[in-house]
Structure formats: structure tokens, C-alpha cells
Amino acid sequence: MNKYPLIRKIYLYLFALIGLVLITIGCVRLVGLGLKTYIFTKADVYYEYPMARPVKNPPAGGAPVEGEKAEELQQPTKEEIEEYQNEQRTSNRQREAAESLAFIIVGLPLYLYHWKVIKKDKKEENKNEF
């Protein structure tokens, strides 16, 4: 029936293994994400601050000044920094969850299909032996 049974067997086991590895990686990343979210809450805190932004400050007289002196750099407030960090953390978590689920979504059918074919071949092999 099969012209190259050894190559076919290697192919099936290799792709079943790849699928299993993808599932494992995805699950490990999801567990890590859960641990960082609920137990080790400071594990994904990065101390990056938004850049200072230019703001036009009028002089005491009230009229805005034209030219180079019109713009000064204003440092962000503590609330702005915290909001930025929270948004960044949420974004990173969502990105990590999406990538982990993608590993599982790709790996699961890959593994299940190839493992099903392997089991079917084994069953046929056992029938042919008797």
C-alpha cells in the first residue's frame, strides 16, 4: 500500500510532536500570564515613562509668545504615568494571551490529526499481523 512507510511514519510522528510542542508552549505561556496577573503582580511592571510633551505657556501678561520660547517641556503627572503603565501592561497581557491561544489553536488540530492517523495505522498493522 505505502511505497515509503518509514518516511511516512517519521513524518507523522514529527508533525504530531510539533503539534504537541505548540500546545505545550501555548499552555505554559497562558499559565505564566495567569501567574503574572494574579499572583506575581509586579512581574510585568516596567518602569518606562512617557516623554515630556511641549506645552505653550503664555507670559504673565496673558498674550501668547511667538517663536522658540513659546514651547516648554512639561513633565507628565503621576496619574498620567500610572495610566500609561496600566494601558501598556494591559496591552502586553492581551498580546501574550493572543499569541498563546494562537499556539494552541494551531497545535491542537495538528497534533490530533497526526496522532489519529498514527493510531489508525497501528490498528491496521496489528490486524495485518494476525
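**Exercise 1. Work out how far apart Tyr 111 and Trp 115 lie along helix H2, and then classify their ring pair.**

Solution. Tyr 111 and Trp 115 are 4 residues apart in helix H2, and therefore about one helical turn separates them. Helices here are DSSP runs of H or I with at least four residues, numbered from the N terminus. The model is predicted, so local features need pLDDT of at least 70 and side-chain atom pairs count only at pLDDT 80 or more, while totals for chains, interfaces and linings use all residues. Residues are numbered from 1 along each chain as its sequence is written, and side-chain values use heavy atoms, with hydrogens and water left out.

For the classification, rings of Phe, Tyr and Trp (its six-membered ring) pair if their centres lie within 6.5 Å, and planes under 30 degrees apart count as stacked, over 60 as edge-to-face and the rest as tilted. By this rule the count comes to 3 aromatic pairs. The rings of Tyr 13 and Trp 115 have centres 6.2 Å apart and planes at 80 degrees, so this pair is edge-to-face. Tyr 13 belongs to helix H1 and Trp 115 to helix H2, so the pair ties together parts that are 102 residues apart in sequence. For Tyr 111 and Trp 115, the centres are 6.0 Å apart with 15 degrees between the planes, and the pair is stacked. Tyr 13, Tyr 111 and Trp 115 form one aromatic cluster.

**Exercise 2. Decide whether Tyr 13 and Trp 115 are buried, partly exposed or exposed.**

Solution. Buried means under 20% relative accessible area, exposed means over 50%, and partly exposed lies in between (1.4 Å probe, protein chains only). Tyr 13, at 33% relative accessibility, counts as partly exposed. Trp 115, at 34%, counts as partly exposed.

**Exercise 3. Check the span of helix H1 and find what its buried residues pack against.**

Solution. The expected span of a helix is 1.5 Å times one less than its number of residues. Helix H1 covers residues 5-38, and its 34 residues should span 50 Å; the end C-alpha atoms are 49 Å apart, which agrees. The buried residues of H1 are Leu 12, Ala 16, Gly 19, Leu 22, Ile 23, Gly 26 and Leu 33. These buried residues pack against helix H2 (78-129), where contact means heavy atoms within 4.5 Å.

**Exercise 4. Follow the salt bridges that link helix H1 to helix H2, and state how accessible the partners are.**

Solution. Side chains of opposite charge can pair when their charged atoms come close. A salt bridge is a side-chain nitrogen of Lys or Arg within 4 Å of a carboxyl oxygen of Asp or Glu, and by this rule the count comes to 4 salt bridges.

- Lys 9 and Glu 125 meet at 3.6 Å, N to O. The pair joins Lys 9 in helix H1 to Glu 125 in helix H2, 116 residues apart. Lys 9 is partly exposed at 38%, and Glu 125 is partly exposed at 35%.
- Glu 99 and Arg 29 meet at 2.6 Å, N to O. Glu 99 is in helix H2 and Arg 29 in helix H1, 70 residues apart. Glu 99 is partly exposed at 37%, and Arg 29 is partly exposed at 24%.
- Lys 36 and Glu 96 meet at 3.3 Å, N to O. Lys 36 lies in helix H1 and Glu 96 in helix H2, so the pair ties together parts that are 60 residues apart in sequence. Lys 36 is partly exposed at 25%, whereas Glu 96, at 19%, counts as buried.

Methods. Helices (H or I, at least four residues) and strands (E, at least two) are DSSP runs, numbered from the N terminus.
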